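Subject: Handing over the two-chain model

Hello,

Here is the structure I promised to pass on. Please open it first, then read my notes below.

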Amino acid sequence: MSQASTSSRLIDIKAGDELPQREFQCGNVQLMLYNAALWNGHRIHFDEPYAKEVEGYPGLVVAGPLLGDWLHQCVEEWLGDDGRIFSIDYSNRVATYADEILISGGVIAEVRGADNEVEIDVFIKNAAGEIVAPGKVLAKFANG
Amino acid sequence: MTGLLSPELLSTIGRTSEPRRELVTRRDIRKYSIATDNRARKYLDGDEAPPMFHVALFWDVVELDQLSPDGVSIDTLLPKFPLEKAMAGGLNIEYHKGIFPGDWLTSTRTLTDIYEKQGRSGSLIFYEVVMDVVNDLGELVIREKTTRILR
């Protein structure tokens with residue numbers, strides 16, 4: 001798209017704006033495929049008797065970096081082709097489990113028009129509304 | 001002064017891993033994108049790697065006998081810490097260049113810091129590992145800093 005349209009996109013964004021939320025539910029097949037794609041053999045992610053009986057978890061544990069990936073997707077789907085993620089800072093605070101319903105979202109924290117940048121507070125929350133993975137993303141828009 | 005951190009332990013700050021060079025393939029991008037529930041066509045088709053693909057590309061590929069009974073690989077960059085129970089950690093990632101099929105990327109990990117803090121229920125040890133990913137021209141593609149907390 002033209003520079004003018006990118007510029008107007010940024011002008012319309014203000015602190016407090018919310019990004020669209022998205023629901024995720026990682027089943028055991030997806031969880032296995034994710035960890036296989038990494039070569040992550042940690043049994044808490046695929047061996048349910050082990051996760052429950054030995055480690056004391058209520059179910060298979062969703063791998064922490066998968067939640068980090070969803071934080072990126074939340075921002076990228078909102079950015080479309082207008083910009084890109086320059087950096088992210090996030091942490092995994094609360095364990096989540098296979099089949100749990102999780103929601104990604106974000107709120108614009110700051111718009112820096114001169115630099116074509118926005119700072120976004122992002123989160124994954126669980127069904128109880130607890131933030132399980134908070135983060136901050138710096139996104140840069142392609143053109144002024 | 002620190003209580004838990006011996007001079008020997010602190011002397012491991014600055015330790016660096018052997019560089020690892022890996023080839024980015026369309027197939028690996030597709031597998032990663034599908035497994036993460038990505039909805040962008042360019043990633044599902046493997047035309048470009050999504051953010052965090054480097055996590056899969058540079059996860060340690062160890063042999064079966066190098067895994068502990070719980071299936072975890074031992075991180076040889078880290079010294080033996082006096083606290084071992086891992087708590088939640090954080091990740092900071094900077095994206096400097098896109099990643100595409102056919103790219104050869106090299107990662108180097110450095111143990112950049114170890115420090116101690118007092119938590120509500122006793123001492124905590126923090127450590128930081130920085131992974132730099134560069135292309136064959138030596139240009140920085142990704143810088144990732146992991147912070148982990150032990151109690």
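Which helices and strands each supply at least two residues of the lining of the second largest pocket? Keep in mind that this is a predicted model. Two of the elements belong to chain A: helix H4 (64-79) and strand S2 (83-91). Two belong to chain B: helix H3 (41-44) and helix H4 (53-57). Thus both chains help to line the second largest pocket.

**The second largest pocket**

The space in this pocket is about 510 Å³. Its lining is made up of 26 residues. Start your tour at the centre. The residues that lie nearest to it are Glu76(A), Arg84(A), Lys42(B), Tyr43(B) and Glu48(B). H4(A) gives the largest share of the lining, with four residues. Sorted by class, twelve lining residues are nonpolar, seven are polar and seven are charged.

**The two chains**

Now step back to the chains. Chain A has four helices and five strands. Along its sequence, the pattern reads α-β-α-α-α-β-β-β-β. The C-alpha atoms of chain A fill a box of roughly 60 × 30 × 20 Å along the principal axes.

Chain B has four helices and five strands too. From its N terminus on, the order is α-β-α-α-α-β-β-β-β. For chain B, the box that the C-alpha atoms fill is roughly 50 × 30 × 30 Å, again along the principal axes.

**Where the chains meet**

How many residues of chain A are in contact with chain B? There are 33, and they touch 28 residues of chain B. The size of an interface is often given as the accessible area lost when the parts come together. Between chain A and chain B, the buried area is about 2,700 Å². Carbon and sulfur atoms give 51% of that area. On the side of chain A, Leu38(A), Trp39(A) and Phe86(A) lose the most area to chain B. Together they make up 19% of what that side buries.

Next, the polar side of the interface. There are two salt bridges between chain A and chain B. One pair to find is Glu77(A) and Arg39(B), whose side chains meet in a salt bridge at 2.6 Å, N to O. Polar contacts join 19 residue pairs across the interface, with both residues at pLDDT 80 or more.

Which elements of chain A give two or more residues to the side that touches chain B? They are strand S1 (18-25), helix H2 (28-38), H4 and S2. H4(A) gives the most, with nine residues. By class, this side of chain A has 14 nonpolar, ten polar and nine charged residues.

**A cavity**

The structure has one cavity of 30 Å³ or more. The space inside is about 30 Å³. Which residues line the cavity? From chain A come Asp69(A), His72(A), Gln73(A) and Glu76(A). From chain B come Asn38(B), Pro50(B) and Pro51(B). By class, the lining has two nonpolar, three polar and two charged residues. Take a second look at Glu76(A): this residue lines the cavity, and it is also among the residues nearest the centre of the second largest pocket.

**Two backbone angles to check**

Asp99(A) has a phi near 75°, which is a positive value in a residue other than glycine. Where does Asp99(A) lie? Look in the loop between S2 and strand S3 (101-112) of chain A.

Chain B has a case of its own. Phi of Asp37(B) is near 70°, again positive in a residue other than glycine. Asp37(B) lies in the loop between helix H2 (26-35) and H3 of chain B.

**Where to begin**

Start with H4(A). This helix gives the largest share of the lining of the second largest pocket. H4(A) also gives the most residues to the side of chain A that touches chain B. Then move on to the salt bridge between Glu77(A) and Arg39(B).

Best wishes

Definitions and conventions: Residues are numbered from 1 along each chain as its sequence is written. Chains are lettered from A and ligands numbered from 1 in the order in which they are written. Side-chain values use heavy atoms; hydrogens and water are left out. On a 1 Å grid over the protein atoms alone, a cavity is a set of points where a 1.4 Å probe fits but cannot get out, and a pocket is an open set with protein on both sides within 12 Å along at least five of seven lines; lining residues have an atom within 4 Å of a point. Grid points are joined across faces, edges and corners, and a volume is the space filled by probe spheres set on the points. Ala, Val, Leu, Ile, Met, Phe, Trp, Tyr, Cys and Pro count as nonpolar, Asp, Glu, Lys and Arg as charged, and the others, Gly among them, as polar. Contact means heavy atoms within 4.5 Å. Buried area is the accessible area (1.4 Å probe) that two parts lose on being put together, summed over both. A salt bridge is a side-chain nitrogen of Lys or Arg within 4 Å of a carboxyl oxygen of Asp or Glu. A polar contact is a pair of N or O atoms within 3.5 Å; within protein, one must be able to donate a hydrogen and the other to accept it, and residues adjacent in sequence count only if both atoms are side-chain atoms.
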